[in-house]
Amino acid sequence: MRQFVTINILDMLGAIGETNLKKCLSDFSCPINLEIEQFVKENALDFAKKKLSVTYFVVNELGKIIAVFTLAHKAVEIGNANLSNSKRKKISRYAILDSEAGSYTVSAFLIAQFGKNYAVDEGKGISGNELMDLTFEVLDRVQHDIGGGIVFLECEDKIKLLDFYQSEKNGFIPFNERYSVNDNIKYVQLFNFF
């Protein structure tokens, strides 16, 4: 069985120093999503220092960063209209319903970045489901320490991505869409309980 270790970017900074950390980050490659690659190389460390978000590295037994995920905390509005009664009941434990707007406002955990390092040799990587499991291990610890119960993310409106996030295993539910004029990309916002 493959062994992976999840390391907080700030812990890695303390262990190896900024110069060595930047060298590790410069090797990260994600050609299928250049936004993730750019974030890891150019913003992850700065965002963590400013406490805007924290990136976690998934490291294999050879000490290589094989994947990353970035977590933050953010207020989000989730529309009430398309939720089942059971989901409304569950979400009301964590959110406030604005009956006028027809939406819940909730403070949620955001999976801001989520991707694999394609510079790692084939066969030594990680599956998307394994990466999601590791992400939720960290979220479970944070939830234990500070509470909360809703996580959300945005992904490009691509069938393969939506199928992955909405699979029975991952269970994310779409709740909104956002169009980025700068990138000319439509994003789907999804949430889940944990």
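This is a short walk through one protein chain, from its overall fold down to a few individual residues.

Hi everyone, and thanks for coming. Please keep in mind as we go that this is a predicted model.

Let's begin with the whole chain. It has 6 helices and 8 strands, and along the sequence they come in the order β-α-α-α-β-β-α-β-β-α-β-α-β-β. The radius of gyration is 17 Å, close to the 16 Å that the globule rule gives for 194 residues, so the chain is as compact as a globular protein of that length. If you lay the C-alpha trace along its principal axes, the spans are about 50 × 35 × 35 Å.

What about burial and surface? Of the 194 residues, 41% count as buried. The chain exposes about 11,100 Å², and carbon and sulfur atoms supply 50% of that area. For those of you who like contact maps: take the contacts between residues at least 6 apart in sequence, and 65% of them join residues at least 24 apart.

Now let's zoom in on two strands, starting with Asn8. You'll find Asn8 in strand β1, residues 5–8. Is Asn8 buried or exposed? Its relative accessibility is 16%, and the cut-off for buried is under 20%, so Asn8 counts as buried. Its side chain reaches the backbone nitrogen of Leu10 at 2.7 Å. Leaving out residues up to four places away in sequence, Asn8 touches Val54, Thr55 and Tyr56.

That brings us to Thr55, which sits in strand β2, residues 54–59. Thr55 is buried, with a relative accessible area of 0%. Which side chain does Thr55 join through a polar contact? The partner is Thr70, at 2.8 Å. With sequence neighbours up to four places away set aside, the residues that Thr55 touches include Ile7, Asn8 and Ile9, along with Phe39, Ala44 and Val68.

Next, a hairpin. Strand β4, residues 95–98, and strand β5, residues 103–116, pair in the antiparallel sense over 4 bridges. One pair to click on is Leu97, whose bridge partner in β5 is Tyr104. There are 4 residues between the strands of this hairpin, and Gly102 takes a positive phi near 70°.

Further along, have a look at Phe164 in helix α6, residues 159–166. Which residues does Phe164 touch, not counting those up to four places away in sequence? They are Phe114, Gly128, Asn129, Met132 and Asn170. For Gly128, the C-alpha atom is separated from that of Phe164 by 8.1 Å, while the two residues are 36 apart along the chain.

Last stop, the cysteines. How many disulfides does a search of the whole structure find? The count is 0. Cys24 is in no disulfide, and the nearest cysteine sulfur, that of Cys30, is 17 Å away. Cys24 counts as partly exposed, at 31% relative accessibility. Cys155, by contrast, counts as buried, because its relative accessibility is 4%. Why is the sulfur of Cys155 not in a bond with that of Cys30? Cys30 holds the closest cysteine sulfur, but the two sulfurs are 14 Å apart, which is too far for a bond.

That's my tour. Thanks for listening, and I'm happy to pull up any of these residues on the screen.

Definitions and conventions: Residues are numbered from 1 along each chain as its sequence is written. This is a predicted model: local features need pLDDT of at least 70, side-chain atom pairs count only at pLDDT 80 or more; totals for chains, interfaces and linings use all residues. Side-chain values use heavy atoms; hydrogens and water are left out. Buried means under 20% relative accessible area, exposed over 50%, partly exposed in between (1.4 Å probe, protein chains only). A polar contact is a pair of N or O atoms within 3.5 Å; within protein, one must be able to donate a hydrogen and the other to accept it, and residues adjacent in sequence count only if both atoms are side-chain atoms. Contact means heavy atoms within 4.5 Å. Two strands pair if DSSP finds at least two bridges between them. The radius of gyration is taken over C-alpha atoms; the globule rule is 2.2 Å times the number of residues to the power 0.38. Accessible areas come from the Shrake-Rupley method with a 1.4 Å probe; for residues, only the protein chains shown count as cover. A disulfide is a pair of cysteine sulfur atoms within 2.5 Å.
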